[in-house]
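Please open the model in your viewer, with side chains shown as sticks, and follow the stops below in order.

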Amino acid sequence: MSKAKAIENKEIVQAIVIADSYNDNFQPFTSTKPLALLPVANVPLIEYTLETLNRNGVEEVIVFCSSHIDQVKRHIADRQAARCTWSTGMRVSIVSSEACRSIGEAIRDLDARNTIRGSVLLLGVESVTNADLAALLEEHKRLAKVDRGAVMTVVYKEGLRRMRTGNEVLVAHDPTTRRLLYHQRLAQHERERSFELPLDLFLANRDVAVCHGLLDPQIAVCSQAALPLFADNFDFLTRDDFVRGVLINEEILNSRIYVAKLAREEYAMRVNNWQSYHLVSLDVINRWVYPLVPDTAISEFRQQYKHFRNNVYRHRNVRLSRSCELDGDLVVGEECEIREGTYLRQSVVGRGCRIGRNCRIVNSFLLEGVTVGDGTVLSHCVLERAVTVGSRCTIEPGTVLGEGVEIPDGLTVSGLLLQASEPAADEWGTTPVEKIADRAYTIPVLDEEDSDSDEEEGGSGQPALNQPHAIAPLPERYPASVYEPSDEECDSGPASPVPEDANIFLSEVVESLKRGLAEKSNAEYLILEINSSRYAYNMALCEVNYYVVKAILQIMLQQDGVATNTVGTLRRLLAYFGVVFRNYIRDRDAMMDCLKALEEMCPASETVRAKLPQLVHYLYEADLIGEQVIIEWYDGLADAGLQAALSKLVQWLQESSEEEEDDDDDDDEEEED
């Protein structure tokens with residue numbers, strides 16, 4: 001074969017990127033901007049996608065657009081003109097059709113154009129990943145040689161425990177061949193208490209592996225035969241429709257779907273609503289998407305951000321007051337100005353933002369050109385481009401302020417989607433629109449009851465297309481990530497062993513309590529911080545009770561004079577930590593957790609062991625621990641030495657209890673007389 005013929009037969013590595021979500025989950029942003037340009041940590045989503053594909057050796061990318069096409073074309077052209085990293089070795093072309101309203105229609109349009117020449121990567125612009133896509137593509141090609149009916153390999157990732165993002169699925173597959181046998185998308189609000197799987201699934205297959213709660217990042221590898229299947233079945237509107245249709249008609253279509261699960265160190269998540277946007281932003285900041293992190297200059301050859309302790313990323317050109325506090329997990333963009341006394345944590349500040357004095361900004365995302373007045377509080381919210389928020393305002397969880405919205409001084413906004421101009425009369429049908437301010441109008445959202453009825457009418461268990469979705473108040477903090485970095489991600493030396501979640505949680509609680517004690521801040525804020533850490537490490541409530549008490553005891557042992565005045569030291573600490581202690585140690589089970597923490601501290605601390613009876617007695621006298629709980633705990637102690645030390649206290653409690661019962665009996669007899 002000639003050299004020219006070999007080059008001609010070489011299969012070009014292609015990828016299809018669907019640049020639209022075909023829903024209104026990102027209102028009001030997507031009313032004026034394409035989803036592809038939604039910034040995550042100040043970098044548009046499409047840059048993450050193209051950079052990932054470039055790193056995986058993709059040679060040709062087809063970006064399919066249906067809305068705001070000109071803006072996407074302009075962005076791609078500008079980035080190519082600027083000679084960004086992905087533009088040097090990868091061809092990116094835009095295919096557009098304003099008539100398309102689903103992924104299925106987009107695929108049918110591409111099939112009609114005959115642009116795909118072999119196996120192809122299929123993903124959405126909202127799919128953020130650092131996975132080895134090249135290896136997935138090669139594995140699918142190998143499968144296709146063994147099974148000519150292999151039309152698709154769908155990619156999944158182990159999910160987040162006790163949390164739903166709307167991306168979770170239940171699947172069953174053959175553990176040997178990895179052929180997909182069953183697929184069901186899970187409800188976003190954890191309504192299911194049980195799952196029903198068809199009996200035929202187990203009768204027809206010798207081995208079945210059922211995986212619950214896998215994350216579906218909307219990444220797949222498709223054979224060339226997959227596109228005609230979309231073209232032949234006009235009821236395939238989504239990828240879920242395709243998967244369901246193939247599974248039902250495997251024999252008729254002679255087509256099969258396979259499953260690929262990503263390795264633990266590989267990250268993949270779909271940004272499908274404002275809550276998952278929040279989660280992915282924090283994952284990027286916490287470096288779980290490495291090398292796609294702010295300080296590596298995503299798609300740029302020149303580094304823009306400097307990485308500081310506690311994952312604070314600051315652009316080289318910012319103006320910060322000396323008294324402002326950047327607590328951690330932050331990205332501060334170019335030409336930002338942050339004034340005196342302002343506190344920021346777990347947030348992203350876009351280019352050219354102006355933040356006034358004494359503001360508090362937590363878990364909030366400010367896009368380019370936002371202005372925030374003095375004394376304003378932002379919590380778990382999104383402020384889009386050129387938003388202005390006045391002084392002494394409170395923007396509460398779940399709020400999204402659209403481009404150009406202006407909030408006057410002293411106003412509180414709670415969980416609303418707002419846009420700057422009044423929507424057209426027929427834009428939202430008969431749903432009323434409320435005017436909050438001169439440049440702030442509400443955007444109606446689909447309430448939960450309407451959503452349920454739409455799902456029942458559709459019969460597919462999926463939300464109706466092109467409907468606004470309500471965003472629930474965002475939790476105090478999402479889990480940072482379930483993904484651990486691989487050894488290759490650590491360029492400063494060998495990777496350190498990853499501590500257990502419980503140890504990390506305990507250390508964070510100790511640090512929070514120490515900081516609060518030193519600063520004498522409102523102790524109720526410590527409860528919020530502890531709850532944040534609890535959600536981050538998926539700790540059960542009994543574990544939180546145990547570790548809070550253990551943290552207080554550890555701090556007690558670090559105080560001066562604790563050996564000679566142990567009870568006095570604890571009394572002094574609980575004068576400040578009492579709010580925290582009572583918040584967690586409030587019922588019988590929690591009291592038992594407290595006593596177990598004291599018990600577990602005895603082998604490590606001679607002070608606690610020697611003073612254990614006095615400490616337990618003080619907690620009883622302070623009405624923090626009940627006598628019946630103490631007696632039950634005492635009876636279950638395995639350490640004979642501790643039982644001996646506590647025996648007098650327990651005997652006194654029992655005698656006191658008997659005396660009280662006798663007194664009660666005497667009172668009853670007097671009343672009868």
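Select Trp652 to begin: at 36% relative accessibility this residue counts as partly exposed, where buried means under 20% relative accessible area, exposed over 50% and partly exposed in between, with a 1.4 Å probe and protein chains only. The model is predicted, so local features need pLDDT of at least 70 and side-chain atom pairs count only at pLDDT 80 or more, while totals for chains, interfaces and linings use all residues. Residues are numbered from 1 along each chain as its sequence is written, and side-chain values use heavy atoms, without hydrogens or water.

Turn next to the aromatic pairs, of which the structure holds 10; rings of Phe, Tyr and Trp (its six-membered ring) pair if their centres lie within 6.5 Å, and planes under 30 degrees apart count as stacked, over 60 as edge-to-face and the rest as tilted. Select Phe230 and Phe236, an edge-to-face pair with 6.2 Å centre to centre and 85 degrees between the planes. Phe230 is buried at 2% relative accessibility, and Phe236 is buried at 5%.

Now add Tyr620 to Trp652: their ring centres are 6.0 Å apart and their planes stand at 90 degrees, so this pair is edge-to-face. Because Tyr620 lies in helix α19 (residues 612-621) and Trp652 in helix α21 (residues 640-672), the pair ties together parts that are 32 residues apart in sequence; helices here are DSSP runs (H or I, at least four residues), numbered from the N terminus.

For the last stop, select Phe26, Trp274, Tyr277 and Phe365, which form one aromatic cluster.

How values were computed. Helices (H or I, at least four residues) and strands (E, at least two) are DSSP runs, numbered from the N terminus.
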